[in-house]
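Please load the model in a viewer and keep the selection panel open. The stops below proceed from one selection to the next.

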Amino acid sequence: NILAVVYPFAVKRLLANPSGSPVLRRVLRQLLSDEKTGALSLVRLRDMVDDAAALTGVPRETIIRDALKTSNGLGLAAAVVLAGVRECIRVCVSLLAAVTGLRWLRRRWHRAMVALRDGTYKTATR
């Protein structure tokens, strides 16, 4: 099965991006982005690593460790941490808005996250 050979190689190459290629970085971002929000999807990243591990027989911890040995892998790890923090805050804001009835809080959070993603945060907070 050619997919069993090519896919793990492609995933490892995308995750590690040893040459620092902006094209590979953009492709990885597109593959891992949520279609609705454009934000990094932790589920997609986990699925990609799990698929590569299943197809190669290499433990996913090894795939992750190998990716983290590169500067691009460290950048992806930072993006993962940031995405996790944003998701936790989003859930807390949603709960707070639901409990207190402050629906404007949820809207404000959403606007701030869109502005951060688009690089227009300063204009959105005025």
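A residue is called buried when its relative accessible area is under 20%, exposed when that value is over 50%, and partly exposed in between. The coordinates on display belong to a predicted model.

**Stop 1: R86**

Select R86, which sits in helix α5, the element covering residues 71-100. With a relative accessible area of 30%, R86 is partly exposed, because that value falls between the two limits just given. Now add A39 to the selection and draw a distance between the two C-alpha atoms: 10.0 Å separates R86 from A39, although their positions lie 47 residues apart in the count along the chain.

**Stop 2: the whole chain**

Clear the selection and show the protein chain as a cartoon. How many helices and how many strands does the protein chain have? The secondary structure amounts to 7 helices and 0 strands. Read from the N terminus, the order of elements is therefore α-α-α-α-α-α-α. The radius of gyration of the protein chain is 18 Å, whereas the globule rule gives 14 Å for 126 residues; the value is well over the rule, so the chain is more spread out than a compact globule. Aligned on the principal axes, a box of roughly 55 × 30 × 25 Å holds the C-alpha atoms. If the viewer can colour by accessibility, the buried class will take in 25% of the 126 residues.

**Stop 3: the nonpolar patch**

Select I2, L3, V5, V6 and L55, and show their side chains with a surface. These residues form a nonpolar patch on the surface, and their accessible area together is about 480 Å². Which helix gives the most residues to the nonpolar patch? Helix α1, residues 2-16, gives the most, with 4 residues. Centre the view on I2, a member of the patch that lies in helix α1. I2 counts as exposed because its relative accessibility is 66%.

**Stop 4: L45 and L28**

Move to L45 in helix α3. Is L45 buried or exposed? L45 counts as buried, since its relative accessibility is 12%. Add L28 to the selection: the two residues are 17 apart in sequence, and their C-alpha atoms are 9.5 Å apart in space.

**Stop 5: salt bridges**

Side chains of opposite charge can pair when their charged atoms come close. In this model the count comes to 5 salt bridges, and three of the pairs are visited here.

- Select R46 and D47. Their salt bridge has its closest N and O atoms 3.5 Å apart. Both partners are partly exposed: R46 has a relative accessible area of 42%, and D47 has one of 34%.
- Select D50 and R60. The side chains meet in a salt bridge at 3.2 Å, N to O. This pair links distant parts of the chain, with D50 in helix α3 (residues 42-56) and R60 in helix α4 (residues 60-68), 10 residues apart. D50 counts as partly exposed at 28% relative accessibility, and R60 counts as partly exposed at 37%.
- Select D66 and K69. Here the closest N and O atoms of the salt bridge are 3.8 Å apart. D66 counts as partly exposed, with 33% relative accessibility, whereas K69 counts as exposed, with 64%.

**Stop 6: I64 and K12**

Select I64, which is found in helix α4. I64 is partly exposed because its relative accessible area is 39%. Then add K12 and draw the C-alpha distance: I64 and K12 are 52 residues apart along the chain, and their C-alpha atoms are separated by 9.0 Å.

**Stop 7: the positive patch**

Finish with R103, R106, R107, R108 and R111, shown as side chains on the surface. Together these residues form a positive surface patch. Within this group, pick out R108, which has its place in helix α6, residues 103-118. Why does R108 count as partly exposed? Its relative accessibility is 31%, so R108 falls in the class between buried and exposed. A residue needs over 30% relative accessible area to enter a patch, and the 31% of R108 is over that cut-off.

Definitions and conventions. Residues numbered from 1 in each chain as written. Predicted model: local features only at pLDDT ≥ 70, side-chain atom pairs only at ≥ 80, totals over all residues. Heavy atoms only, no water. Patch = residues over 30% accessible without salt bridge, like charges linked within 9 Å, V, L, I, M, F, W, Y side chains within 5 Å. Areas by Shrake-Rupley, 256 points an atom, 1.4 Å probe, with all protein chains shown as cover. Salt bridge = Lys/Arg side-chain N within 4 Å of Asp/Glu carboxyl O. Lys, Arg positive; Asp, Glu negative; His and termini not counted. Charge placed at Lys NZ, Arg CZ, Asp CG, Glu CD. Helix = DSSP H or I, 4+ residues; strand = E, 2+ residues; numbered from the N terminus. Buried < 20%, exposed > 50% of the residue type's maximum accessible area, 1.4 Å probe, protein only. Rg over C-alpha atoms; globule rule 2.2 N^0.38 Å.
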